[in-house]
Structures are given as C-alpha cells and as structure tokens.
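Colleague: I should be grateful for a close look at one part of this model and what surrounds it. Please state the cut-offs behind each term as you go.

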Amino acid sequence: MTAAFLTVVLGPVLLGAFFVGTTLATVDQRRSAERLGLAVGAVRTSVTALCQQLRAAADAVALSGADPVGRAGAANQVVGRGLAAAVLVTDVTGRVVHTTPGAPDRPWLDCARTTPADGPVRALSAEVELRDRAGGMLGRVAVAQLVDPGFVARLAAVTGVEITLLTGDAGIAQTTEATGVRDEVLAAAAPAGDDRVTGTGDGRYVRRAGPAPGQPLPLLLSVPSDQSPGLHAALVATVLLAGLLAVLAAARLARVTTRPLAELAYAVDRVARGT
C-alpha cells in the first residue's frame, strides 16, 4: 500500500518536472535561435551598407579625373570626411601611385570575397577600376575601413549580441565576449559554412555569420540563455520536497491503516490463549 501510494504521488511529480524542464529548454533554444537569426540579418545589413559606402567613395575618387593631383585631393577628402579610413590608388601593374596617410597594413579584405581570409582581417575594402576619358585602363582605386575592436563593438551594439571576428585559421582576432567564455564559444561553433545554432557548456548559444556574398567577415555570434540559472535547482528541490512529504504521508497512512489490524490480531491472540 505504501509503495502504491508513493507511486501514485511521486510519478506525476517526476513526470511533470521532466516535461517542464524539457519544454523550457526547448523554448529557450528556439528563442535564442530567433535572436541569433535576427542578429545575423542585422550584421549582413550593416556590412552591406558599409561596403556600398566604400564603393561609392571609390567611385568618387575614380571619377575625380585623370589628374593625379586631383585624385589625391579627392582621396584625402574621402578620408577627411570620415567616409573611409584609407584610399589606395594603383596603376595597371599594381604599383602604388597614391595612398592616404595612416592606411592600415595590407592585404585588405575585399567586400566581394566569399571565402575566409588567409590571415587576420585588418580592413574591409571595395575596389573599382580607374579609367581615362577614352575608357582606357589606368589602374584601380581601393577604399578601406578599419576592422578593429571599435568596429566589432559597434556591430555588437547594433545587433544586441556578442560578436567574435575570426582569423583565417579559425582563431580569435577581435571579440566582445567575456574572457571566461571565449574558448567555450569558439569550441562550440559549427564548422565554416554551417549556420546551425549550437550550445556551450555554460548556457550560451552560438551561430556563424559569413563569409557570404555582401558580408565577407568570418564572424561568430552568441547570446546567453534566457533561463534562470537556478531553474534546474528549483525543479530538483521541488521534486525532493514532494518526495519527502510523500514519504511522511505514506508512513502516517500506513500506521493509520495497519493499527486496527494490529489491534485485531492482538485480540485474536488473547482469545486463543484464553486470556
């Protein structure tokens, strides 16, 4: 009887706790996947807009005329107005004709690239052809924007998630992740080209974003779990408390149920002994 009572009471409690925990985990994963999906879209929009700005700046320099002095003045204006961090003009042989002061180290990552960079990304660039009035090829104009910790931090602020910029060998170049979770985020990331959402051991969800057409940067995006850290502990405590109360109730029920039988057995024994 005691075992039956415990089964009836504890069975639903255990099943309920299991289903509650499973349902909350599933809902949390779906919500995190939705947040990461929106963040990926925001990253692509931001980087695409930046690349369009760089192309427009490169076109402005290329259309400034065949005069090298005029092109240099246009390039300096582009940098001075904050439209880009650097402008590089090369001739048909690839020789540098003009570069603005303070340009980041090359190579720069072209906006049209769809494969991972060979090394750390220092700058994002857009290139256009430089031609004379007759259409003859004179060279190329490249306009670049720095990809530094400030750039990554601005992307993270726009998207509302933590962002890690990867190197060519899948190491960390720049990140907004806390120091204690960087390795876990990197280890949990799916292989390049895989957009699956994966989880870390400390309750974060991770997704890759790029390189892709219009968004050549190799990025990792992550969000923390929305679940309360003490949720599972609360479920375990609830089950243990319910089990303790069930055991106490079963013990009392057993005493109340068997006491009349014990008294009857005692009375029958006395009658049998003639006392």
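Modeller: Strand β1 (residues 86-91) and strand β5 (residues 137-146) run antiparallel and are joined by 6 bridges. Within this pairing, V89 has V141 of β5 as its bridge partner. The model is predicted, so local features are reported only at pLDDT of at least 70 and side-chain atom pairs only at pLDDT 80 or more, while totals for chains, interfaces and linings use all residues. Residues are numbered from 1 along each chain as its sequence is written, and side-chain values use heavy atoms, without hydrogens and water. Strands (E, at least two residues) and helices (H or I, at least four) are DSSP runs numbered from the N terminus, and two strands count as paired if DSSP finds at least two bridges between them.

The two strands belong to an open sheet of 5 strands with mixed pairing, arranged in the order β2-β1-β5-β4-β3. At its edges stand β2 (96-99) and β3 (109-110); each has a single partner strand, so one side of each lacks a neighbour in the sheet. Helix α2 (residues 68-80) packs on this sheet and touches β1, β2, β4 (123-131) and β5, where contact means heavy atoms within 4.5 Å. The direction of α2 makes about 155° with that of β1; axes are lines fitted to C-alpha atoms, for helices over the stretch in contact, and the angle between N-to-C directions runs from 0 to 180 degrees.

A salt bridge, taken as a side-chain nitrogen of Lys or Arg within 4 Å of a carboxyl oxygen of Asp or Glu, joins E127 and R140 at 2.9 Å, N to O. It links distant parts of the chain, since E127 lies in strand β4 and R140 in strand β5, 13 residues apart. Accessibility is relative, found with a 1.4 Å probe on protein chains only: under 20% is buried, over 50% exposed, and anything in between partly exposed. E127, at 36%, is therefore partly exposed, as is R140, at 31%. R95 and D91 form another such pair at 3.2 Å, N to O. Its two members sit in unlike surroundings: R95 is exposed at 53%, whereas D91 is buried at 16%.

The nonpolar side of the picture can be followed from V141. This residue is among those with the most contacts inside the largest nonpolar core, a set of 42 residues; the others so listed are L124, V143, I163, L217, L219 and L221. Such a core consists of buried Ala, Val, Leu, Ile, Met, Phe, Trp, Tyr and Cys residues joined through side-chain atoms within 4.5 Å. Helix α1 (residues 2-62) gives the most to this core, with 12 residues. L124, apart from its neighbours within four places in sequence, touches twelve residues, including V47, L50, C51, L54, L109, C111, V143, V147 and L217. In soluble globular proteins, nonpolar side chains tend to be buried together.

I163 carries the account on to strand β6 (residues 162-166), of whose 5 residues 4 are buried, so the rest of the structure largely encloses this strand. β6 pairs with strand β10 (residues 219-224) in the antiparallel sense over 4 bridges, and I163 stands opposite L221 of β10. Both I163 and L221 appear in the list of core residues with the most contacts. Strand β7 (residues 172-175) also runs antiparallel to β6, through 3 bridges, with T164 partnered by T175.
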